[in-house]
2 protein chains.
Amino acid sequence: MGKVYTGASMSIDGYVAGPQESGFEHLFAWYTNGDVELPTANPEMTFRATPQSAKHWREIVGMTGALVVGRHLWDFTNAWGGQHPMGVPTVVLTHTVPDGWKQEGEWFTFVTTGIEDAVAKARELAGEKGVGLNSGRMASQALDAGLVDEVWIDLVPVLLGAGTPFFSGLGTAPVLLDGPYDVVAGDRVTHLRYRVRR
Amino acid sequence: MGKVYTGASMSIDGYVAGPQESGFEHLFAWYTNGDVELPTANPEMTFRATPQSAKHWREIVGMTGALVVGRHLWDFTNAWGGQHPMGVPTVVLTHTVPDGWKQEGEWFTFVTTGIEDAVAKARELAGEKGVGLNSGRMASQALDAGLVDEVWIDLVPVLLGAGTPFFSGLGTAPVLLDGPYDVVAGDRVTHLRYRVRR
């Protein structure tokens with residue numbers, strides 16, 4: 001069975017979004033500041049990363065069989081136009097199934113009964129591969145529930161000052177990690193992988 | 001003239017202290033989890049770091065001619081027993097000179113007129129060497145005032161969940177950094193150095 005990880009591009013002061021959903025031009029610069037083309041599931045969206053970041057991205061994509069995301073991100077991205085750019089089944093943790101959507105659709109499955117059920121559903125969809133989780137409150141809930149094996153941080157050299165923390169509302173802190181067991185220097189990003197200590 | 005830097009041991013979620021001044025056993029583990037003896041100015045306190053962290057520490061000490069710290073830290077450490085462990089002149093930014101202390105003493109100088117004056121005083125004391133600044137609100141004030149050349153982070157693999165952020169109350173965010181131009185893997189710490197982009 002694959003690993004469950006949570007990962008995101010994060011500012012040095014710990015934010016995955018600045019105030020009023022700002023700062024993405026800094027947080028996501030590494031997706032587009034290189035020469036290696038990275039096609040996504042969306043034909044209109046191709047990343048162009050450095051060789052280092054491209055290798056990192058391909059490893060993530062290669063090991064990810066399904067995603068769990070929060071409803072806020074799903075709304076904010078307008079359901080990524082119909083499919084997550086990674087092109088894998090995506091479980092949306094939500095209070096209610098959005099109007100006009102089936103509970104279990106082609107690319108999106110809506111789970112309304114909490115993080116444990118959302119991860120279980122994603123594991124089922126992922127088969128032998130791993131499950132990637134959104135940052136934010138959901139990641140903290142999953143960490144609190146002991147569901148997370150690894151934390152992957154794309155550390156971006158910017159201070160956003162305020163915004164949405166990668167980890168918020170952790171109930172079980174301190175949470176010890178081990179590593180980083182992998183450090184990849186990209187351009188305007190350092191990719192770091194940690195294991196959650198049990 | 002030396003550089004002005006701010007540096008601290010920081011959790012992955014951006015805290016330099018956990019709730020109620022907790023978490024230091026994690027944040028400062030790298031000072032004592034190796035075999036290389038690092039004497040300090042305090043004869044009763046010797047660090048024992050890994051070779052990697054010891055080299056990093058010696059570089060910091062070697063380039064630091066004076067420090068600027070906040071009154072809270074000075075109080076919390078009980079004036080480090082009389083002298084900062086780095087053994088350099090230390091400027092304490094405070095609202096009032098503490099009872100029983102001279103404004104300009106052997107090891108501590110108290111500045112009551114703001115961060116710019118505190119850094120100027122430390123530069124004077126440091127001579128050709130650099131000035132190290134505390135993390136926390138003071139570091140943010142100094143960043144806002146354009147006084148900081150570098151940010152050094154000893155990134156510790158722990159999530160503290162809450163506490164004292166490295167950077168708090170930044171007025172000028174986003175602040176772009178460059179780097180890391182140095183990444184040193186210690187044991188339970190990754191030493192990262194960034195430059196502040198002007």
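**Group meeting talk: two chains and the sheets they share**

Let's start right at the join: strand 12 of chain A and strand 10 of chain B, residues 158-159, run antiparallel and are linked by two bridges. One pair to look for there is V175(A), which sits opposite L159(B) in strand 10 of chain B. Before I go on, please keep in mind that this is a predicted model.

So what does that pairing belong to? On one side we have an open sheet of nine strands, and its order is 7(A)-6(A)-5(A)-8(A)-1(A)-9(A)-13(A)-12(A)-10(B), with mixed pairing. Its edge strands are strand 7 of chain A, residues 108-111, and strand 10 of chain B, each of which pairs on one side only. If you're wondering what holds neighbours like these together, strands of a sheet pair through backbone hydrogen bonds, either parallel or antiparallel.

Now follow the other sheet. That one is also open and has nine strands, running 10(A)-12(B)-13(B)-9(B)-1(B)-8(B)-5(B)-6(B)-7(B), again with mixed pairing. At its edges you'll find strand 10 of chain A and strand 7 of chain B, residues 108-111, and each pairs on one side only. Out at the chain B end, strand 6 of chain B (residues 90-93) runs parallel to strand 7 of chain B, over four bridges. Within that pairing, L93(B) has V111(B) as its bridge partner.

Back to chain A for a walk through some of its strands. Strand 5 (residues 64-70) and strand 8 (residues 130-133) of chain A are parallel, joined by four bridges, and T64(A) is partnered with G130(A) in strand 8. Strand 9 of chain A, on the other hand, runs antiparallel to strand 13 of chain A, with six bridges between them. There, E150(A) has R195(A) as its bridge partner.

Strand 13 of chain A has another neighbour: strand 12 of chain A pairs with it in the antiparallel sense, over six bridges. In that pairing, L177(A) stands opposite V196(A). Is strand 13 of chain A largely enclosed or largely open? Six of its seven residues are buried, so the rest of the structure largely encloses it. Strands 12 and 13 of chain A make a hairpin with four residues between the strands, and R188(A) in this hairpin takes a positive phi near 60 degrees.

Remember R188(A), since we'll meet it again at the interface. How many residues does each chain bring to the contact? Chain A gives 28 residues and chain B gives 28 residues. About 2300 Å² is buried between chain A and chain B, with carbon and sulfur atoms giving 67% of that. And here is R188(A) again: with I12(A) and L159(A), it supplies 25% of the area that chain A buries against chain B, more than any other three residues.

There is charge here too. Two salt bridges are counted between chain A and chain B. One to find on screen is D178(A) with R188(B), where the closest N and O atoms are 3.0 Å apart. Polar contacts across this interface come to eight residue pairs.

Which elements of chain A give two or more residues to its side of the contact? They are strand 9 (150-156), strand 10 (158-159), strand 12 (175-185) and strand 13 (190-196). Strand 12 of chain A has the largest share, seven residues. By type, the chain A side splits into 20 nonpolar, four polar and four charged residues.

A few single residues to finish. T50(A) is in the loop between strand 4 (46-49) and helix 2 (51-63) of chain A. Is T50(A) buried or exposed? Its relative accessibility is 9%, and the cut-off for buried is under 20%, so T50(A) counts as buried. Its side chain reaches the backbone nitrogen of S53(A) at 3.1 Å. Leaving out residues up to four places away in sequence, T50(A) touches N33(A), G34(A), V36(A), G186(A) and D187(A).

Then there's E59(A), in helix 2 of chain A. With a relative accessible area of 32%, E59(A) is partly exposed. Beyond four places away in sequence, it touches D182(A) and R193(A).

Last stop, helix 5 of chain A, residues 137-144: its buried residues are M138(A), A139(A), S140(A), A142(A) and L143(A). Just after that helix, G146(A) takes a positive phi of about 70 degrees.

Methods. Residues are numbered from 1 along each chain as its sequence is written. Chains are lettered from A and ligands numbered from 1 in the order in which they are written. This is a predicted model: local features need pLDDT of at least 70, side-chain atom pairs count only at pLDDT 80 or more; totals for chains, interfaces and linings use all residues. Side-chain values use heavy atoms; hydrogens and water are left out. Contact means heavy atoms within 4.5 Å. Buried area is the accessible area (1.4 Å probe) that two parts lose on being put together, summed over both. A salt bridge is a side-chain nitrogen of Lys or Arg within 4 Å of a carboxyl oxygen of Asp or Glu. A polar contact is a pair of N or O atoms within 3.5 Å; within protein, one must be able to donate a hydrogen and the other to accept it, and residues adjacent in sequence count only if both atoms are side-chain atoms. Ala, Val, Leu, Ile, Met, Phe, Trp, Tyr, Cys and Pro count as nonpolar, Asp, Glu, Lys and Arg as charged, and the others, Gly among them, as polar. Two strands pair if DSSP finds at least two bridges between them. Buried means under 20% relative accessible area, exposed over 50%, partly exposed in between (1.4 Å probe, protein chains only).
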